[in-house]
Amino acid sequence: SQRLGRLMSARPEAAFGSGSGGELAEFALAASTSTRCHVIVEVTSHLNQRWARSSLTTNGSTLDVTVTAIAFDERADGIAAASVSESVSGLEGLIDVVHAADAAALAASPAEDAGPFPAPVVDEGFDDVAVTLSPSTLTAPTAQLDQLIGWGRANGIELFGYLERESTTTWLATSDGARRRYCAPANRLEITAKSHARTRSTWHGFAAVDLGDADWNRLRTDIGQELDWQATSIAIEPGRHTALLSPSAIGDFVIDMYWSAGARDASEGRSAFHDEKAPSGTRIGQIVASPAVTVSSDPLDLDVPSSPFTVTSASSRMASVFDNGRSLTRTDWIHAGRLDALI
């Protein structure tokens, strides 16, 4: 209560305007009455533009603060856990989230995924404010998009799609002493082009919005060529055929495979990675793909950055709140065609 009083006197409501999620997390921790508490603060800065029939339809800029409180109640028969997440805009809402989690933990049964908490790690930049995006960062891609729309109109091509730039700064604070922070960028540009009274259609997607001139020129060429290809239709007899898929299609398959790669689901026979004859009930150690295939996660890969520590707002079949704050390293899920690990 003394710690909470000191934080109140510091007027932490100012943290909502400054994007100081670390300060909000500290305040939320001090408000908890549970045996243990984890607090996750996410500040998301989002810019977007959407267009249809080659005309801009909407654009916007938002800033959202989401707080998750995970309360733990340690008792003789185990540890109960409960989490509450809400989008909040002031201290009253923040405290309500914490107290709701405290009450839910008291009423919850012992958690089946209870385990030892990770050793606490403190990140140097924990007190840094959120990364927010200025609308001006869309000036260049908007100009390029305007040129693409003009080219489409001149060639009888309608364009539909959206452009989004997002930055989510996440803080994790635990009563055990962990203080972790990570900023995750997420950019997306998706374009659907239609021609010939919309009887022909093609799609392109990018995990970026800052494309170079060469990329935009290539996009025009690809759209035009792909729509032209559709002037020819070839009947194919039913049967097995070799199909060549685009990189984005392969990416969608890999994402679906990853979402299906839970160890528990595999051991219980709920996925294609189940093997009832194996001691683990899974296909770990078996060849499941071509030797040319390796699927890995690496939080330190600058091309596809992700959180370097575990952070989950609620336990599920593939994640546990008891692991929050645990440092992550590279993991090969499939290595040279062999299933090496499951989530």
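**Cavity, pocket, patch and backbone in a predicted model**

Q: Which residues line the largest cavity, and what makes a residue part of that lining?
A: In this predicted model, the largest cavity is lined by His38, Phe117, Pro118, Ala119, Pro120, Thr174, Asp176, Ala178, Asn324 and Gly325. Each of them counts as lining because it has an atom within 4 Å of a point of the cavity.

Q: What makes this space a cavity, and what volume does the largest cavity have?
A: The term cavity applies because a 1.4 Å probe fits at its points but cannot get out. The largest cavity holds about 60 Å³ of space, and the count of cavities of 30 Å³ or more comes to 1.

Q: How do the residues lining the largest cavity divide by class?
A: The lining of the largest cavity comprises 5 nonpolar, 4 polar and 1 charged residues. Asp176 belongs to this lining, and Asp counts as charged, whereas Gly, the residue type at position 325, is placed with the polar class.

Q: What is the volume of the second largest pocket, and which residues line it?
A: The second largest pocket has a volume of about 180 Å³, and its lining is made up of Glu112, Asp113, Ala263, Arg264, Ser315, Ser316, Arg317, Met318, Ala319, Ser320 and Ile343. By class, this lining divides into 4 nonpolar, 3 polar and 4 charged residues; Glu112, Asp113, Arg264 and Arg317 are charged because Asp, Glu and Arg fall in that class.

Q: Why is Phe253 called exposed?
A: Phe253 has a relative accessibility of 56%, and because exposed means over 50%, Phe253 meets the criterion. Phe253 is placed in helix H7, which covers residues 247-259, and together with Leu245, Ile250 and Val254 it forms a nonpolar surface patch with about 360 Å² of accessible area.

Q: Is Ser54 buried or exposed, and how do you know?
A: The relative accessibility of Ser54 is 4%, and because buried means under 20%, Ser54 is to be called buried. Ser54 sits in the loop between strand S1 (36-52) and strand S2 (55-75), and its phi is near 65°, a positive value in a residue other than glycine.

Q: What makes Ala336 partly exposed?
A: Ala336 has a relative accessible area of 33%, and because partly exposed denotes the range between the 20% and 50% limits, Ala336 falls in that category. Ala336 is found in the loop between strand S8 (331-335) and strand S9 (338-339), where its phi is positive, at about 50°, although Ala336 is not a glycine.

Methods:
Residues are numbered from 1 along each chain as its sequence is written. This is a predicted model: local features need pLDDT of at least 70, side-chain atom pairs count only at pLDDT 80 or more; totals for chains, interfaces and linings use all residues. Side-chain values use heavy atoms; hydrogens and water are left out. On a 1 Å grid over the protein atoms alone, a cavity is a set of points where a 1.4 Å probe fits but cannot get out, and a pocket is an open set with protein on both sides within 12 Å along at least five of seven lines; lining residues have an atom within 4 Å of a point. Grid points are joined across faces, edges and corners, and a volume is the space filled by probe spheres set on the points. Patches are made of residues with over 30% relative accessible area and no salt bridge: like charges are joined within 9 Å, nonpolar side chains (Val, Leu, Ile, Met, Phe, Trp, Tyr) within 5 Å. Accessible areas come from the Shrake-Rupley method with a 1.4 Å probe; for residues, only the protein chains shown count as cover. A salt bridge is a side-chain nitrogen of Lys or Arg within 4 Å of a carboxyl oxygen of Asp or Glu. Helices (H or I, at least four residues) and strands (E, at least two) are DSSP runs, numbered from the N terminus. Buried means under 20% relative accessible area, exposed over 50%, partly exposed in between (1.4 Å probe, protein chains only).
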